[in-house]
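Subject: Structure handover

Hello,

I am passing this structure on to you, as agreed. Please look through it first and then read the notes underneath.

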Amino acid sequence: MSEQINERQAPKQLRDIPLSVLDLAPIVEGSNATESYKKSLDLAQHVEKWGYHRYWLAEHHSMPSVASSATSVLIGHIAGGTTKLRVGSGGIMLPNHAPLVIAEQFGTLESLYPGRIDLGLGRAPGADQRTARALRRDLRIGGEDFPELLQELREYLNPSLSDSPVGVRAIPGEGLNIPIWLLGSSDFSARLAGMLGLPFAFAGHFSPNYTLPALQTYRHSFRPSDVLDKPYAMVGVNVMAADTDEKAERLATSHFQAFLNIIRGDLKPIQPPVDDMDDLWSEFEKLSVQSQLRSSIIGSPDTVKKELQELLNSTQADELMITTQMFEHADRLHSYEIVADVWKA
């Protein structure tokens, strides 16, 4: 499949595409949300200086390691502390919300920070079933109504898309040019984004097995629209970079522990790195975590450069979105700086 993509498009180099950031405002052991928000803003200010294109925040709920649950509020915090970085959602889980509320929230953000706000939308709950019920979702539907919710939201922002007067207006929001992206970890949103001619962002950082099939579905189903005349695909990837492969591998154990704890149902803040994960997981757990994170790029600058280019070769992505989970804020900053240096080189 990657050969088909390569035949269809000329090879790209890292320097040819934008790099962006996905942040979950991680909470580390011994810290709290207040400190996480300070670190997220500091990271955003650094990556803006290093040339990253956008900074997205993801909606998750009831997770002690994630502080980005009130995603729209946090987007405003990051946008207010930066000057040119595009800031948005990666994503808002639309079935958790009334479309009118999202139209108003992002209309407010776009009015405060014109030309800098992105609205990435997903259809998963971003939570377990009990939390999803607390969010007032109709659990009998399970995301199947996402296309209808999306259409309702788009009509609030652009009433001309409606066949009849909507009657309810999003103020602010109506008439504003807020880019809408569809996010996915399978082919559902890939096909919908293609049919609607919208940009598509794939969660390659936790769904690597479906990356190439979803991109192929998106590109094959794409129809030009007022938004795009050709497909535009962004791929998410975990990157843990350090000065040496050995140090990067050790720092990455915090990320591995986070996924291990999800598998065990033992949710807790981000844990410090360890010398040997084999002291923590069983063989089955190891295979499960490594399968879900097998596309992660972990290593020195040379390793990161090589593997990022290989990812670009196979996906021919129009943009890469880097997500990095590390225990120490300084290590996380350094990882993003290494990626920026590799990209510019």
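The notes below go through two strands, a pair of helices and two single residues.

Please keep in mind that the model is predicted.

Strand 1

Strand 1 covers residues 19-23, and five of its five residues are buried, so the strand is largely enclosed by the rest of the structure. In a regular strand the side chains alternate between the two faces of the sheet. Here Leu19, Val21 and Asp23 point one way, while Ser20 and Leu22 point the other way.

Two partners can be named for strand 1. One is strand 9 (residues 319-323), which pairs with strand 1 in the parallel sense over three bridges; within that pairing, Leu19 has Leu320 as its bridge partner. The other is strand 2 (residues 54-57), again parallel to strand 1 and joined over three bridges, with Tyr55 as the bridge partner of Val21. Between strand 1 and strand 2 the chain runs through helix 2 (residues 33-50), and this β-α-β crossover is right-handed.

Strand 7

Strand 7 (residues 233-241) is also largely enclosed by the rest of the structure, because nine of its nine residues are buried. Ala233, Val235, Val237, Val239 and Ala241 point to one side of strand 7. Met234, Gly236, Asn238 and Met240 point the other way.

Which strands pair with strand 7 in the parallel sense? Strand 6 (residues 200-202) does so over three bridges, and there Ala201 has Met234 as its bridge partner. Strand 9 pairs with strand 7 over five bridges, with Leu320 as the bridge partner of Val235. Leu320 is thus a bridge partner of Leu19 and of Val235. Strand 8 (residues 297-299) pairs with strand 7 over three bridges, and Val239 stands opposite Ile297 in strand 8.

Helices 7 and 8

The axes of helix 7 (residues 188-196) and helix 8 (residues 211-221) come within 7 Å and cross at roughly 20 degrees. Angles under 35 degrees count as roughly parallel, and the two helices are therefore roughly parallel to each other. Helix 7 passes helix 8 in a right-handed crossing. On the helix 7 side the residues that meet helix 8 are Ala190, Arg191, Ala193, Gly194 and Met195. Their counterparts in helix 8 are Ala214, Thr217, Tyr218 and Ser221.

Met326

Met326 sits in the loop between strand 9 and helix 13 (329-344). Is Met326 buried or exposed? Its relative accessible area is 2%, so Met326 is buried. Leaving out residues up to four places away in sequence, Met326 touches Val28, Met240, Ala241, Leu251, Asp331, Arg332 and Ser335. Two of these, Met240 and Ala241, belong to strand 7, where they point opposite ways. Met326 and His53 are 273 residues apart in sequence and 21 Å apart in space, C-alpha to C-alpha.

Arg86

Arg86 is found in strand 3 (residues 86-93). With a relative accessible area of 16%, Arg86 is buried, since the cut-off for buried is under 20%. Apart from neighbours within four places in sequence, Arg86 is in contact with His53, Arg54, Tyr55, Gly115, Arg116, Ile117, Asp118 and Pro179. Among them is Tyr55, the bridge partner of Val21 in the pairing of strand 1 with strand 2. From C-alpha to C-alpha, Arg86 and Ala44 are 10 Å apart in space, and they are 42 residues apart in sequence.

Regards

Terms used. Residues numbered from 1 in each chain as written. Predicted model: local features only at pLDDT ≥ 70, side-chain atom pairs only at ≥ 80, totals over all residues. Heavy atoms only, no water. Buried < 20%, exposed > 50% of the residue type's maximum accessible area, 1.4 Å probe, protein only. Helix = DSSP H or I, 4+ residues; strand = E, 2+ residues; numbered from the N terminus. Pairing = 2+ DSSP bridges. Right-handed = clockwise from strand over helix to strand, strands pointing away. Axes fitted to C-alpha atoms, helices over the stretch in contact; angles between N-to-C directions. Parallel < 35°, antiparallel > 145°, perpendicular 65-115°, else oblique. Left-handed = near helix turned anticlockwise from the far one by under 90°. Contact = heavy atoms within 4.5 Å.
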